[in-house]
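Here's a quick briefing to read with the model open next to you. Have a look at the sequence and the fold, then work through the points.

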Amino acid sequence: MKKALAAMVVAVLLAISASSALAGGGGWAVRVKGGGSALVTWGTYRSTTSRHVDLPWGHSVRVSGFEMVTVMGQRESDGPGRIVCKILHNGVVVTRDVATGPHAVCRTYTGAS
């Protein structure tokens, strides 16, 4: 019973955090971790930026109005490594995606589960 209640509380808190991106507000950031370099695209559905970066990498995202935060990373090297995309709100991970392998791609957005 306690585990089920704790799981429900966590689910509600994550939903509130993700929905606050839709209503705007500060404290949003994207992170991409892994080895080597990657092509990273981040921002909101209204406006995105792409850059070739060395990993690990992070950036804050300004959200206003009803926007969703998005991040995508593609490894630029061959090999069995992995790449992890995360979206954080006030330092708490809201959503993440992990991909492995040569030229692997991770992608996530607020509202993803």
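What follows covers the overall layout first, then the core, the side-chain pairs and the backbone.

Keep in mind that this is a predicted model. The protein has one helix and eight strands, and from the N terminus the order is α-β-β-β-β-β-β-β-β. Buried residues account for 35% of its 113 residues.

**Overall picture**

- Looking at contacts between residues at least 6 apart in sequence, 54% join residues at least 24 apart.
- The protein exposes about 6600 Å², and carbon and sulfur atoms supply 59% of that.

**The nonpolar core**

- As a rule, nonpolar side chains in soluble globular proteins tend to be buried together.
- Here the largest nonpolar core has 20 residues, and the members that touch the most others are Val 30, Val 32, Val 40, Trp 57, Val 71 and Ile 83.
- Who feeds this core? At least two residues come from each of strand E1 (25-34), E2, E4, E5, E6 and E7.
- Val 30 is a good place to start clicking: leaving aside neighbours within four places in sequence, its contacts include Trp 42, Trp 57, Val 61, Val 69 and Val 71. Gly 58, His 59, Thr 70, Lys 86 and Ile 87 are also among the residues in contact with Val 30.

**Val 105 in strand E8**

- Val 105 sits in strand E8 and is partly exposed, because its relative accessible area is 25%.
- Which residues does Val 105 touch, not counting those up to four places away in sequence? They are Met 72, Gly 73, Gln 74, Ile 83, Asp 97 and Ala 99; Ile 83 also appears in the list of core residues that touch the most other members.
- Val 105 and Val 40 are 65 residues apart along the chain, and their C-alpha atoms are separated by 9.6 Å.

**Aromatic pairs**

- Two numbers describe a pair of aromatic rings: the distance of the centres and the angle of the planes.
- The structure holds two aromatic pairs. One of them is Tyr 45 with Tyr 109, a tilted pair at 6.3 Å centre to centre with 45° between the planes.
- Tyr 45 lies in the loop between strand E2 (37-44) and E3, and Tyr 109 is in strand E8, so this pair ties together parts that are 64 residues apart in sequence.
- Are these two rings buried or exposed? Tyr 45 counts as exposed at 53% relative accessibility, whereas Tyr 109, at 35%, counts as partly exposed.

**The salt bridge**

- In general, side chains of opposite charge can pair when their charged atoms come close.
- A search of the whole structure turns up one salt bridge. It joins the side chains of Arg 46 and Glu 67, at 2.9 Å from N to O.
- The pair links distant parts of the chain, 21 residues apart: Arg 46 is in the loop between E2 and E3, and Glu 67 is in the loop between E4 and strand E5 (69-75).
- The two ends sit in contrasting surroundings: Arg 46 counts as exposed, at 66% relative accessibility, while Glu 67 counts as buried, at 7%.

**A polar contact**

- Thr 95 lies in strand E7 and is buried, with a relative accessible area of just 5%.
- What does the side chain of Thr 95 pair with? A polar contact of 2.8 Å joins it to the side chain of Thr 108.

**Backbone points to check**

- The peptide bond from Leu 55 to Pro 56 is cis, with omega near -5°. Pro 56 is in the loop between strand E3 (48-54) and strand E4 (57-63).
- Asn 90 has a phi near 50°, a positive value in a residue other than glycine. You'll find Asn 90 in the loop between strand E6 (82-89) and strand E7 (92-100), where it counts as exposed because its relative accessibility is 56%.
- His 103 also has a positive phi, near 55°, and is likewise a residue other than glycine. His 103 is in the loop between E7 and strand E8 (105-109), and counts as partly exposed because its relative accessibility is 37%.

Methods:
Residues numbered from 1 in each chain as written. Predicted model: local features only at pLDDT ≥ 70, side-chain atom pairs only at ≥ 80, totals over all residues. Heavy atoms only, no water. Helix = DSSP H or I, 4+ residues; strand = E, 2+ residues; numbered from the N terminus. Buried < 20%, exposed > 50% of the residue type's maximum accessible area, 1.4 Å probe, protein only. Polar contact = N/O pair within 3.5 Å; in protein donor to acceptor, adjacent residues only side chain to side chain. Phe/Tyr/Trp six-rings, centres within 6.5 Å; stacked < 30°, edge-to-face > 60°. Salt bridge = Lys/Arg side-chain N within 4 Å of Asp/Glu carboxyl O. Core = buried A, V, L, I, M, F, W, Y, C linked by side-chain atoms within 4.5 Å. Contact = heavy atoms within 4.5 Å. Areas by Shrake-Rupley, 256 points an atom, 1.4 Å probe, with all protein chains shown as cover.
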